[in-house]
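Welcome! Please take a moment to look over the sequence and the 3D view before reading on.

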Amino acid sequence: MDINIPDFPSSLLWTIGIALLTILIPLAIAILGDILDKKRYRKADFAELDLHVILDGVFQFKELLILVGLIFFPLLFWQYPDARMFIFSYWVIGVLGLIKILLNIYKWIKGNVFDFRFSYLRRLKNTKDLEVVWASIWTVPCSEGRMDEKSEAQFFEIFSDTIDKLLKKNG
């Protein structure tokens, strides 16, 4: 068994990155497939909101692309010993970010969806997205057990704050 020692750490880092992505991909397919089915057949309340929340709040899609780049792109320069400390630092940042996303997915699957919904709605600024997600909350016929009074009050509070901010912004 002949192991090339200088290449071993880089291949280990590469393998860990691939392993994390291997865990992420089926989870993404399952969650997004479920939401898209609900959206297509209008089976669930909040389907449009949840799609936005999953992409921007749970998976953090834009950040995910950067994290994958931080994990794999610097490893292409592993052959330069002077750069290995920087490469490893970027790799650690990427891996920790990817682990954070996997933990978000775990929390979503476990049922902490309202926390993600409220957090997303508080930071949402894009007016086009605002229209779509708020319509998903208020116009879908209320099904039994859709939300409790506390959740509805929190949605209203966030909606009211959003309207106040928009009115102040547009004078």
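What follows is a short tour, from the whole chain down to single residues.

## The overall picture

A good thing to know at the start is that this is a predicted model. The protein holds seven helices and zero strands. Reading from the N terminus on, its elements run α-α-α-α-α-α-α.

How much of the protein counts as buried? Of its 171 residues, 35% do. The accessible surface comes to about 11,300 Å², and carbon and sulfur atoms supply 64% of that area. The contacts are also worth a look: among those with a separation of 6 or more, 70% join residues that sit 24 or more positions apart.

## Helix 1: a buried serine and a partly exposed tryptophan

Let us begin with helix 1, which covers residues 8-41. S10 lies in this helix. Is S10 buried or exposed? With a relative accessible area of 16%, S10 is buried, because the cut-off for that label is under 20%. Leaving aside residues up to four places away in sequence, S10 touches L75 and W78.

W14 is found in helix 1 too, but W14 counts as partly exposed, at 38% relative accessibility. W14 also belongs to a nonpolar patch on the surface, formed with I18, F73, L76, F77 and Y80. Together the residues of this patch have about 620 Å² of accessible area.

## Salt bridges along helix 1

How many salt bridges does the structure hold? There are three. As general background, side chains of opposite charge can pair when their charged atoms come close.

One of the bridges joins D34 to K38, with the closest N and O atoms 3.2 Å apart. These two residues are four residues apart in helix 1, so about one helical turn separates D34 and K38. D34 is partly exposed, with a relative accessible area of 37%, and K38 is partly exposed as well, at 29%.

Another bridge pairs R40 with D37, and here the closest N and O atoms are 3.1 Å apart. Why are R40 and D37 separated by about one helical turn? They are three residues apart in helix 1. It helps to recall that an α-helix has 3.6 residues a turn, so residues three or four places apart point the same way. R40 is exposed, with a relative accessible area of 53%, whereas D37 is partly exposed at 34%.

## A buried bridge between helices 2 and 5

A further salt bridge is formed where the side chains of R117 and D50 meet, at 2.7 Å from N to O. R117 lies in helix 5 and D50 in helix 2, so this pair ties together parts that are 67 residues apart in sequence. R117 counts as buried, at 6% relative accessibility, and D50 is buried with a relative accessible area of 6%.

R117 has company in helix 5, which spans residues 113-123. The buried residues of this helix are V113, F116, R117, F118, Y120 and L121. Which helices do they pack against? Their partners are helix 2, helix 4 (84-110), helix 6 and helix 7.

## Where helix 2 crosses helix 6

Helix 2 (residues 47-58) also meets helix 6 (residues 127-138). The axes of the two helices come within 7 Å and cross at roughly 130°. That angle makes helix 2 oblique to helix 6. On the helix 2 side the contact is made by A47, E48, L49 and H52, and on the helix 6 side by D129, V132, V133, S136 and I137.

## On to helix 7

One of those contact residues, I137, leads us to the last stop. The C-alpha atoms of I137 and E152 are separated by 9.6 Å, and the two residues are 15 residues apart along the chain. E152 is found in helix 7, which covers residues 149-170. How accessible is E152? At 40% relative accessibility, E152 counts as partly exposed.

Note on methods. Residues numbered from 1 in each chain as written. Predicted model: local features only at pLDDT ≥ 70, side-chain atom pairs only at ≥ 80, totals over all residues. Heavy atoms only, no water. Patch = residues over 30% accessible without salt bridge, like charges linked within 9 Å, V, L, I, M, F, W, Y side chains within 5 Å. Areas by Shrake-Rupley, 256 points an atom, 1.4 Å probe, with all protein chains shown as cover. Salt bridge = Lys/Arg side-chain N within 4 Å of Asp/Glu carboxyl O. Buried < 20%, exposed > 50% of the residue type's maximum accessible area, 1.4 Å probe, protein only. Axes fitted to C-alpha atoms, helices over the stretch in contact; angles between N-to-C directions. Parallel < 35°, antiparallel > 145°, perpendicular 65-115°, else oblique. Contact = heavy atoms within 4.5 Å.
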